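Visitor: I have a model open and would enjoy a walk through its interior. Could you guide me?

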Amino acid sequence: MKTRAAVVYEHDAPVVVDTLTLDDPKDNEVLLRMGASGVCHSDLSVVNGTIYYPPPVALGHEGAGVVERVGGNVTYVKPGDHVILSFVTYCEHCVMCEMGRVCLCQGFDVRKGYLLDDTCRLHNAKGHDIPQMSRIATMSELAVVPEQALIKIDPDYPLDKAALVGCGVTTGVGAVLKTAEVEAGSTVAVIGTGGVGLNAVQGARVAGAERIIAVDLVDRKLEFARQFGATDTVDGSETDAVEAVKELTGGLGVDYAFEAIGSSVTIRQAFDMVRYAGTAVAIGLARQDDMVPIPPQELIWAEKRLIGSYYGSSRPRVDMPEYLRLYDEGKLMLDELITQTYQLEQINEAFDDMEAGKNARGILALDL
């Protein structure tokens, strides 16, 4: 069968929308018709090599769709089921999975683009294999993915809203509620208010944080942050962000600071923003050669904590339905996250708009 997909053939070059051949699903695999795919900075990080896949690779890791066909031994879903995709495929048997930390699964390498049998289902016109980002490649009309990557949902949820839960919502909200376990009445700073940062902001609101300070360089993104629950904003292009946050907290610093950009500079800012015994949480994925300079004496005598949060410390089949319930209850904003919808052919325009800070979240409409 044929499918069109967004493919990176060269780092730092325009993404190509190519027509590819897609193999049938094998045992424990599922053929999906993708409904929508979010346009996330992590996809752009694959384009520029920050998240490294040797080209070619089919893009997309935040999506939702409908099951078209199932391979042998598939028991979790059937044709017609609506699903969110998880960009972490977990084995359920390694030490991390048995501890309930499935997003840290050591059985499968999330950065590999091959399916679980180490082969590809996508091939271009020259016969070359095309690996899939996170094994799911949601920026494709059709995709064959592992059954373990699917979270079954009620078909009443619009696929474009559900797609957001596949990455941005779970990563940002989960960092606040699951990783840091922010308490009601806390003070929180969020550095970077793109798609993930906005969800950290609304995660802090859901947690009952008393003060939520959003930090960014782009006015429009700070406006989005206020819409999602920020009580204060700091324009880092006009002032020292650390000093501004400390001033807003009477010189003390915040209880929790979340870094949602992926840079040693902003991770250090998060560390400097928190009070004694405060917690800085790194969410954004920096380049592999980027290192964070942390003063070890301050780490000790101030008892600050610097921790990482990967995929919001999520258990996808438990937490994603929970986030949809919060949406049902009016506590999580999903509709407002989508500020622009694009066609697959507009993928490069969507990336440009994301970098310019025009959108809370852009969505590729694949079959809506």
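Visitor: Which residues have the most contacts inside the largest nonpolar core?

Guide: Happy to help, and please keep in mind that this is a predicted model. The largest nonpolar core has 90 residues. Those with the most contacts inside this core are Leu32, Leu59, Val169, Phe258 and Phe351.

Visitor: Which helix gives the most to this core, and how many of its residues are buried?

Guide: With six residues, H5 gives the most to the core. Helix H4, strands S11, S12 and S18, and helix H6 are among the elements that cover its buried residues. The helix is mostly covered, and the number of buried residues in H5 is 11 of 13.

Visitor: How far apart are the end C-alpha atoms of H5, and what span should its 13 residues have?

Guide: H5 runs over residues 195-207, and the expected span uses 1.5 Å a residue. The expected span is one less than the number of residues times that rise, so the 13 residues should span 18 Å. The end C-alpha atoms agree with this, as they are also 18 Å apart.

Visitor: Is Asp319 buried or exposed, and which backbone nitrogen lies 2.7 Å from a polar atom of its side chain?

Guide: Asp319 sits in helix H10, residues 316-328. Its relative accessible area is 1%, and buried means under 20%, so Asp319 is buried. Leaving aside residues up to four places away in sequence, Asp319 touches Lys178, Ser313 and Ser314. The backbone nitrogen that lies 2.7 Å from a polar atom of the Asp319 side chain belongs to Arg315.

How values were computed:
Residues numbered from 1 in each chain as written. Predicted model: local features only at pLDDT ≥ 70, side-chain atom pairs only at ≥ 80, totals over all residues. Heavy atoms only, no water. Helix = DSSP H or I, 4+ residues; strand = E, 2+ residues; numbered from the N terminus. Buried < 20%, exposed > 50% of the residue type's maximum accessible area, 1.4 Å probe, protein only. Contact = heavy atoms within 4.5 Å. Core = buried A, V, L, I, M, F, W, Y, C linked by side-chain atoms within 4.5 Å. Polar contact = N/O pair within 3.5 Å; in protein donor to acceptor, adjacent residues only side chain to side chain.
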